[in-house]
Amino acid sequence: MSFNYRRIIIKIGSNVITRADGLPDVERISHLVDQIAAIKKQGIEVILVSSGAVASGRSLISVSEKSDAVSIRQLLASIGQVKLINIYSSLFEKFNILCSQVLVTKEDFRDRLHYLNMRNCLEILLQHQVIPVINENDVVSVTELMFTDNDELAGLIAAMLNAEALIVLSNVDGIYTGDPKLETSKIIQEVNDEGLDFASFVSSGKSQFGRGGMITKSTIAQKTAKLGIAVHIANGTKHNVLTDVLANKITHTCFNPTKKASGKKKWIAHSETAATGVVQVNDGAKAVLTSNKASSLLPVGIVDIISDFKKGEIIKIVDGHNKTIGLGLAEYSSEKARELTGQKNQKALVHYDYLYLQG
Ligand SMILES: Nc1ncnc2c1ncn2[C@@H]1O[C@H](COP(=O)(O)OP(=O)(O)O)[C@@H](O)[C@H]1O
Ligand SMILES: N[C@@H](CCC(=O)OP(=O)(O)O)C(=O)O
């Protein structure tokens with residue numbers, strides 16, 4: 001049975017589109033573009049998140065290793081992104097398809113208004129049949145402003161655009177039960193909401209040009225599936241991988257979507273770095289919040305306001321061991337929350353509709 005998606009995000013890792021000698025693999029990009037054009041022709045909206053700027057920059061200029069790593073990345077990405085987008089643009093042109101360049105930083109997802117502006121931009125591109133080609137703006141995003149990698153960015157975009165599926169293309173067939181090079185390792189074909197501990201069998205190793213590795217892919221995939229979006233991790237170096245994933249004809253890892261979340265909850269889910277306040281809750285509140293019942297965070301379950309926040313800001317909810325259990329939008333300020341801490345029958349600090357629970 002094939003998947004009937006109407007809107008998908010396709011994330012292409014650096015390794016998929018970079019040859020072993022470091023040059024962009026135009027033949028492979030061309031084959032992926034052919035498939036995307038065919039998918040689009042079926043009426044499916046496609047948004048591309050493509051890595052490869054740094055790798056493609058490396059093929060154009062030799063850099064002195066004396067410069068610091070951040071500056072080198074800025075230099076390579078700045079030059080390489082031009083080449084990368086030109087390759088996409090000329091390949092899509094053959095199908096009379098326009099593509100556009102969208103470069104973003106983590107900052108762009110922090111503020112709700114900014115977030116909505118970006119969503120609006122992507123929606124208008126899609127309405128005009130344009131394929132957005134998104135990448136991190138590596139030129140200005142350094143250190144804490146950086147995404148873990150483009151898998152994180154792709155997850156954010158999938159949530160932002162209410163996509164039905166995210167297809168992550170890497171250079172392996174999916175997530176294996178152990179080191180992919182070992183014969184004893186098998187591909188995990190389906191992941192449901194069973195809370196697998198990926199860190200216990202996925203090594204932190206990355207491919208030659210990759211940044212995050214398979215651990216980030218599995219974390220992002222779990223989080224994205226929890227928001228109601230299917231995630232497919234497949235081998236981008238295989239012939240017809242995209243059309244085969246959609247036709248369910250290729251062995252790969254699929255994270256099945258669980259419950260659907262509202263647009264606001266999806267934004268909150270990805271707003272941890274924007275959180276200002278921290279609120280600690282007791283075990284009773286933790287049990288209620290993490291149960292299957294829809295519950296709001298009430299002052300009676302709060303034990304401490306660890307850091308301050310204003311009304312409308314994102315706050316982190318932590319348990320007695322300071323482990324984050326969720327994120328939410330504060331209905332009132334930390335000043336008022338302190339006054340109400342521990343009191344019964346008071347207005348919820350975070351309403352269920354604006355509460356995202358991890359785990
Ligand atoms: N259990 C595992 N299953 C699959 N891949 C794994 C596993 N453990 C480590 N990896 C490594 O993760 C790499 C893919 O991640 P990454 O380098 O970030 O790729 P990309 O550039 O496609 O984003 C694979 O090449 C593989 O070597
Ligand atoms: N933004 C960077 C890619 C960073 C990244 O996440 O790479 P990858 O792990 O290959 O998806 C670039 O275009 O080179």
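The buried residues of helix H6 are covered by elements that include strand E1 (7-12), H5, strand E5 (165-170), strand E7 (230-235) and strand E8 (253-255). This description concerns a predicted model. The residues of H6 that are buried are Met214, Thr216, Lys217, Ser218, Ile220, Ala221, Thr224 and Ala225. The length of the helix can be checked against its residue count: H6 comprises 13 residues (residues 214-226), and because each residue should contribute 1.5 Å, a span of 18 Å is expected, in agreement with the 18 Å between its end C-alpha atoms. Just after H6 comes glycine 228, with a positive phi of about 95 degrees.

Helix H5, one of the elements covering the buried residues of H6, is itself mostly covered, with 11 of its 11 residues buried. These residues are Asn150, Asp151, Glu152, Leu153, Ala154, Gly155, Leu156, Ile157, Ala158, Ala159 and Met160. At the start of H5, the backbone nitrogen of aspartate 151 has a side-chain oxygen of aspartate 149 within 2.9 Å. After the helix, asparagine 162 has a positive phi, near 50 degrees.

Strand E1, another of the elements that cover the buried residues of H6, contains lysine 11. UniProt, in an unreviewed entry, lists Lys11 under the feature "binding site". Is this lysine buried or exposed? Lysine 11 counts as buried because its relative accessibility is 4%, below the 20% limit for that class. Its side chain forms a polar contact of 2.9 Å with the side chain of aspartate 151, a residue of H5 that is also buried. Leaving aside residues up to four places away in sequence, lysine 11 touches Val49, Ser51, Asn150, Asp151, Ala154, Leu166, Ile167, Val168, Leu169 and Lys217. Among these contacts, Lys217 is one of the buried residues of H6, and Asn150, Asp151 and Ala154 are buried residues of H5.

The same unreviewed UniProt entry type carries further "binding site" annotation, at Ser51, Asp138 and Asn150. Although these positions are spread over 100 residues of sequence, they cluster in space, with a largest C-alpha distance of 10.7 Å. Asparagine 150 lies in helix H5 and counts as buried because its relative accessibility is 7%. Its side chain makes a polar contact of 2.9 Å with that of asparagine 135. Apart from residues up to four places away in sequence, asparagine 150 touches Lys11, Val49, Ser50, Ser51, Asn135 and Glu136. Two of the residues in the UniProt annotation, Ser51 and Lys11, are thus found among the contacts of asparagine 150.

Aspartate 138 occupies the loop between strand E4 (131-136) and helix H5 (150-160). Aspartate 138 is classed as buried because its relative accessible area is 7%. The side chains of aspartate 138 and arginine 73 are joined by a polar contact of 2.7 Å.

A further loop, between strand E3 (99-104) and helix H4 (112-127), holds threonine 105. With a relative accessibility of 11%, threonine 105 counts as buried. Not counting residues up to four places away in sequence, its contacts are Asn137, Val140, Ser141 and Phe147.

The cysteines may be considered next. How many disulfides does the model contain? The count is 0. Cysteine 99 takes part in no disulfide, and the nearest cysteine sulfur, that of cysteine 121, is 14 Å away. Viewed from cysteine 121, the closest cysteine sulfur is that of cysteine 99, and because the separation is 14 Å, it is too far for a bond; the cut-off for a disulfide is 2.5 Å between the sulfur atoms. The two residues also fall into separate accessibility classes: cysteine 99 counts as buried at 17% relative accessibility, whereas cysteine 121 is partly exposed, at 35%.

At the level of the whole chain, the protein is divided into domain 1 (7-263) and domain 2 (275-357). The centres of domain 1 and domain 2, taken over C-alpha atoms, are separated by 34 Å.

Note on methods: Residues are numbered from 1 along each chain as its sequence is written. Chains are lettered from A and ligands numbered from 1 in the order in which they are written. This is a predicted model: local features need pLDDT of at least 70, side-chain atom pairs count only at pLDDT 80 or more; totals for chains, interfaces and linings use all residues. Side-chain values use heavy atoms; hydrogens and water are left out. UniProt positions are given in the numbering used here, feature names are shortened, and annotations may be inferred rather than shown by experiment. Helices (H or I, at least four residues) and strands (E, at least two) are DSSP runs, numbered from the N terminus. Buried means under 20% relative accessible area, exposed over 50%, partly exposed in between (1.4 Å probe, protein chains only). A polar contact is a pair of N or O atoms within 3.5 Å; within protein, one must be able to donate a hydrogen and the other to accept it, and residues adjacent in sequence count only if both atoms are side-chain atoms. Contact means heavy atoms within 4.5 Å. The expected span of a helix is 1.5 Å times one less than its number of residues. Domain bounds come from an automatic or database domain assignment.
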